[in-house]
Each structure stands twice: as structure tokens, then as C-alpha cells.
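Okay, thanks for coming, everyone. I'll put the structure up and then walk you through what I noticed in it.

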Amino acid sequence: MLLALDLAPRLKISMTLSTDAGARNTYALAVLRIAVGIFFLIFGQYKVFGTEFTLHGGFQFWINKFLERGVYPFMASVLRGFVLPHATAFAFLTAYGELAIGLGLLIGFWVRPACVAGLLLMVALLFSSDYPGPHAAFWQYFGASLSHSVFALCFVAFLVGRADAVWSVRSARKKSV
């Protein structure tokens, strides 16, 4: 304990946050950005560093599972007619895309492009896998979409806010200049 207290001034670690609401929000957004980045690193790394998803039918398995469970009607023809015939390319795009999104968010490098890619991916997944059925109550569309809509809303928040203002490559560059 004493060692940690002794090192804190040398490392310039502050254990208190500013009372300024804007500064606290900036740090909260950075924490959320880093957490979402870690999720996407996890999602992408097993797909990139293993071959089950990309080369051995994992991607096709999930697309077919989405089609069995029900997709939004306009997406069924896209999945069958365009995605499945090019499944290996889409598998690699998904795997490396998730990894790139995760790295970008985690280190705060190219956060806006990572957020645009993440938002597009979440919207595609939402319409490909979260269809509650044609006779579902209105609220069930939102309940069915939680696994993708929450991440989509995070990406929107990162795009609207300045998610890379602290704890990022961008903020480190500003400090060095």
C-alpha cells in the first residue's frame, strides 16, 4: 500500500476526478469506448486467430441459423443471394473488421471510422438476426434487438461525443505537441 502511494506522484496518477461535469463525461465516454473496444477485440480475435469461423463454415453456420430463426424479410434475399455465395470473403471482412474496431476503440486510433464500421455492422446484424416475427408487439422489436442495438447506441454516442478526447492516441499526440 505504501509503495503504491509512493509511486502515485511519480506516475502522476490522480485518484480523483474533476468536479467539472464535462470532464467527468469525457472520462466516462472513454471508459465506455475502451470497454466496447475490449468486447470487439474478444469478438474478433477468436475469429482471426482461429480458422473455424473464417475457413471451416462458422460464418455460414451463423447465417443459416439467422435464416432459420427468422430475419427481417428484406434481409433474407440479401443473405441468401449475396452474403452466402461470398461467405468466405464476408467471414474475413467480419473477423478482421471486428478486430480493427476493437483495436481502434481500445487505443483511441481512428475512433470515428471504427464507430462508423461498428454501427454498420450492428445494423446489419440487427436486421439479420433480431426479427421477432410479423405479428410481434411493437415493443418486442426493441427487446429482440438488445444484443445489437445497445452496441449501436454506443457507437452513436462515440460519434456524437468526443470519445477519443482522453486515453487515446489522439490525446497522447496533443500532449506531445
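**A walk through the helices**

Let's start with one residue: Val-48 counts as buried, because its relative accessibility is 16%. Keep in mind that this is a predicted model. Val-48 lies in helix 2. So what does Val-48 touch, not counting residues up to four places away in sequence? Those partners are Ala-95, Tyr-96 and Leu-99. You can also look at the backbone here: the C-alpha atoms of Val-48 and Leu-93 are separated by 10.0 Å, and the two residues are 45 apart along the chain.

Right beside Val-48 in the numbering we have Lys-47, and Lys-47 forms a salt bridge with Glu-98. The closest N and O atoms of that pair are 2.6 Å apart. Which elements does the pair tie together? Lys-47 lies in helix 2 and Glu-98 in helix 5, so the bridge links parts that are 51 residues apart in sequence. And are Lys-47 and Glu-98 buried or exposed? Both are buried.

The structure holds 2 salt bridges, so let me give you the other one too, as side chains of opposite charge can pair when their charged atoms come close. Here Asp-164 meets Arg-170, at 3.0 Å from N to O. Asp-164 is buried, with a relative accessible area of 14%, whereas Arg-170 counts as partly exposed at 33%.

Okay, zooming out. The protein has 9 helices and 0 strands, so going from the N terminus you just read alpha, nine times over. Of its 177 residues, 36% count as buried. If you take contacts between residues at least 6 apart in sequence, 73% of them join residues at least 24 apart. The accessible surface comes to about 11000 Å², and 71% of that belongs to carbon and sulfur atoms.

Now the inside. The largest nonpolar core has 29 residues, and those with the most contacts inside it are Val-36, Phe-40, Leu-105, Met-122, Phe-155 and Phe-158. Who contributes? The elements giving two or more residues to this core are helix 2, helix 3, helix 4, helix 5, helix 6 and helix 8. Helix 6 gives the most, with 6 residues. If you want one residue to click on, try Leu-105: leaving aside neighbours within four places in sequence, its contacts include Val-36, Gly-37, Ala-114, Cys-115, Phe-155 and Phe-158.

Helix 4 is a nice one to look at by itself. Its residues Met-75, Ala-76, Leu-79 and Val-83 are buried. Seen down the helix axis, they fall within an arc of 115°, so they line one face of helix 4. Turn to the other side and you find Pro-73, Ser-77 and Gly-81, which are exposed. What covers the buried residues of helix 4? The cover includes helix 3, helix 5 and helix 6.

Last stop, the outside. Leu-55, Phe-92 and Tyr-96 make a nonpolar surface patch of about 290 Å². Phe-92 lies in helix 5 and counts as partly exposed, at 30% relative accessibility. Tyr-96 in that patch should sound familiar, as Val-48 touches Tyr-96, which brings us back to where we started.

Definitions and conventions
Residues are numbered from 1 along each chain as its sequence is written. This is a predicted model: local features need pLDDT of at least 70, side-chain atom pairs count only at pLDDT 80 or more; totals for chains, interfaces and linings use all residues. Side-chain values use heavy atoms; hydrogens and water are left out. Helices (H or I, at least four residues) and strands (E, at least two) are DSSP runs, numbered from the N terminus. Buried means under 20% relative accessible area, exposed over 50%, partly exposed in between (1.4 Å probe, protein chains only). Contact means heavy atoms within 4.5 Å. Accessible areas come from the Shrake-Rupley method with a 1.4 Å probe; for residues, only the protein chains shown count as cover. The arc is that of the directions from the helix axis to the C-beta atoms. Patches are made of residues with over 30% relative accessible area and no salt bridge: like charges are joined within 9 Å, nonpolar side chains (Val, Leu, Ile, Met, Phe, Trp, Tyr) within 5 Å. A salt bridge is a side-chain nitrogen of Lys or Arg within 4 Å of a carboxyl oxygen of Asp or Glu. A nonpolar core is a set of buried Ala, Val, Leu, Ile, Met, Phe, Trp, Tyr and Cys residues joined through side-chain atoms within 4.5 Å.
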